[in-house]
Amino acid sequence: MVHTHFVWSHGGNQVFLCGDFTAWIKYQQMVTVEGSSTTFMTICDLPPGLHKFKFLVDGVWRIDERQPISEDEYGVNNVVLVEQPQLMPQTLLFDDGLPVMDIDSYDDRNHADVASTSGSVPKEVEVELTNDDIETTCRRLFKHFSSYKAYELIPDSGKVFALDDNMTVEEAFLVMHEEGFVIAPLWDATNLQISGMLTPSDFIMVLIELQRNRAMGTNSVHQFSTISAWKEGKLQLQRRPLIKVDPDDSLSDVAIRILQNHISAIPVVYVQQGSTCPQLLHVACLSGLLEHICRHFEHRINYLPLLQHSIGGLPIGTWIREIGGVRELRTFPPNYLLSDAYRLLIDERISSVPIVDDKGALIDVFSRSDVISLAKGNAYVHVQLDQTTISQALQLVDKNARARYGICTRSDSLFKVMNLLSDPGMRRVVVVEANNRCVLGLITLRDIFNLIFRDFS
């Protein structure tokens, strides 16, 4: 049996679902989705196959014209094709616990032409990419996203929280670390509103300010006192309203607002009619949108021809100089200073940089979100940014937690990379040579959506 979601988004007081899986005699009541007064949902366990159904809305039989329809001698019904889930191949692990492709068993016989010599970049046998492949995929995905709403990103169970903006910076830092979150909405209790988002970039700027304080003979963050005080100082030069989405906004709206505003996540906020107090329902991010794509098209990627192409032939990602691209990939040696690394990430608006050895082989990845690990044991209070290396800082990162990055080769398909990035904790995939793990490129969540929504990003 397969969990199957049914949605009616056209309003009503009472909505029931009925179909061939209920023998057309039983009615399953649907419930309103939190944050929407017009959308009803229910879940049924169905056997694989084609199933017909209808909605009974306030005593009237209805079909949803936005969903697939079938007409026969018995009338017109909505239909759903339920497919048997297929087990995906297990991802292999290196000793450091990071999921990667099976490099050791890479088939040299079938890929003899991609083996590289020292100092050279392997050539790829690439299926020709056409503009039609890109346009067709982008058009179909945009249409698909436009037919789904933000509330559908909200998990069936889980928690969402906001930090009181009167918390101290130290308290917020610790809570973020203990809860395993890298971004959090801020709640303004005085004005009863979501006032902003707390991000790793905020903590990096706090650490840079701490470093400046030490140079002046002080060593505290008390001047920031609360998150609101820190944010107020940060926004003195530029202030903009909170960027948010409504649960009835489309997934296209969610993606476009994230991309156009250069943010990593966006709160889904609902204000009930007649009320001025907003309800925080969810924090939407690009990985959730990507998981939606993978889930809906896993068994029909032929519908999206771009997903079948290998990433080495696509206009996506950041690459080393030998390969070329719009922007050259930056890498760090393990002894790179934390102060220099943070300044580069902030100044050049980079989310992460691969760490490589003297031969260019991948050791680790340093990212903005790793700053949260410095809250462990209040390590950030004692860290000297200009005396600490990124390798030393990464020793505080819990490597047994969620994988922080994935690994692939240039010949891997875009769909495989998207599957890796759909993991909530994995925001980037490093492209390496199969035989020696030399770094060739980096693909992030934003890269994927800049390609898909290239007319809007």
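The cover over the buried residues of helix α10 includes α6 (286–297), β20, β21, β22 and α11 (445–452). The model is predicted. Helix α10 spans residues 414–421. Six of its eight residues are buried, so α10 is largely enclosed by the rest of the structure. The buried positions of α10 are Leu414, Phe415, Val417, Met418, Leu420 and Leu421.

Helix α10 also belongs to a right-handed β-α-β unit, together with β20 and β21. Strand β20 covers residues 406–408. Strands β20 and β21 run parallel and are joined by three bridges. Within this pairing, Gly406 lies opposite Val429 of β21.

Strand β21, residues 428–432, is mostly covered, with five of its five residues buried. Its side chains are split between two directions. Arg428, Val430 and Val432 point one way, while Val429 and Val431 point the other way. Residues of both sets are buried. Strand β21 also pairs with β22, residues 439–444. This pairing is antiparallel and extends over five bridges. Val430 has Leu442 of β22 as its bridge partner. The two strands, β21 and β22, form a hairpin with six residues between them. In the turn, Arg437 has a positive phi of about 60°.

The largest nonpolar core holds 62 residues. Those with the most contacts inside this core are Leu289, Ile293, Leu414, Ile448 and Phe449. Leu414 is also one of the buried residues of α10. Beyond its neighbours within four places in sequence, Phe449 is in contact with Phe145, Ala255, Leu259, Leu286, Leu289, Leu290, Ile293 and Arg454. A second core, separate from this one, has 36 residues. Among them are Ile208, Leu210, Leu345 and Ala393.

Phe145, a contact of Phe449, also takes part in a helix packing. Two packed helices are described by the angle between their axes and the distance between the axes. Helix α1 (residues 131–146) packs with helix α5 (residues 251–260) at an angle of about 115°. Their axes are 6 Å apart. Helices α1 and α5 are therefore roughly perpendicular to each other. On the α1 side, Phe142, Phe145 and Ser146 take part. They meet Leu251, Ser252 and Ile256 of α5.

Open sheets were examined next. Strands of a sheet pair through backbone hydrogen bonds, either parallel or antiparallel. One open sheet has three strands in the order β12-β13-β14, and its pairing is mixed. Strands β12 (163–164) and β14 (193–198) stand at the edges, each with a single partner strand, so one side of each lacks a neighbour in the sheet. Strand β13 covers residues 184–188. Two bridges join β12 to β13, and these strands run parallel. Asp164 has Trp187 of β13 as its bridge partner.

The edge strand β14 contains Ser195. At 35% relative accessibility, Ser195 counts as partly exposed. Leaving aside neighbours within four places in sequence, Ser195 is in contact with Asp165, Leu186, Trp187, Asp188 and Leu242. Trp187 is thus named twice here: as a contact of Ser195 and as the bridge partner of Asp164. Ser195 and Lys231 are 36 residues apart along the chain. Their C-alpha atoms are separated by 9.8 Å.

Another open sheet of three strands has the order β1-β5-β4. Its pairing is antiparallel. Here β1 (2–8) and β4 (31–32) stand at the edges, each with a single partner strand, so one side of each is left without a neighbour in the sheet. Strand β5 covers residues 40–46. Strands β4 and β5 pair in the antiparallel sense over two bridges. Thr32 has Phe40 of β5 as its bridge partner.

Values for the whole chain complete the description. The protein chain has eleven helices and 22 strands. Of its 457 residues, 46% are buried. Among contacts with a separation of 6 or more, 64% involve residues 24 or more positions apart.

Methods:
Residues are numbered from 1 along each chain as its sequence is written. This is a predicted model: local features need pLDDT of at least 70, side-chain atom pairs count only at pLDDT 80 or more; totals for chains, interfaces and linings use all residues. Side-chain values use heavy atoms; hydrogens and water are left out. A nonpolar core is a set of buried Ala, Val, Leu, Ile, Met, Phe, Trp, Tyr and Cys residues joined through side-chain atoms within 4.5 Å. Buried means under 20% relative accessible area, exposed over 50%, partly exposed in between (1.4 Å probe, protein chains only). Contact means heavy atoms within 4.5 Å. Helices (H or I, at least four residues) and strands (E, at least two) are DSSP runs, numbered from the N terminus. Two strands pair if DSSP finds at least two bridges between them. A crossover is right-handed if, with the strands pointing away from the viewer, the path from the first strand over the helix to the second runs clockwise. Axes are lines fitted to C-alpha atoms, for helices over the stretch in contact, and angles run from 0 to 180 degrees between N-to-C directions. Angles under 35 degrees count as roughly parallel, over 145 as roughly antiparallel, 65 to 115 as roughly perpendicular and the rest as oblique.
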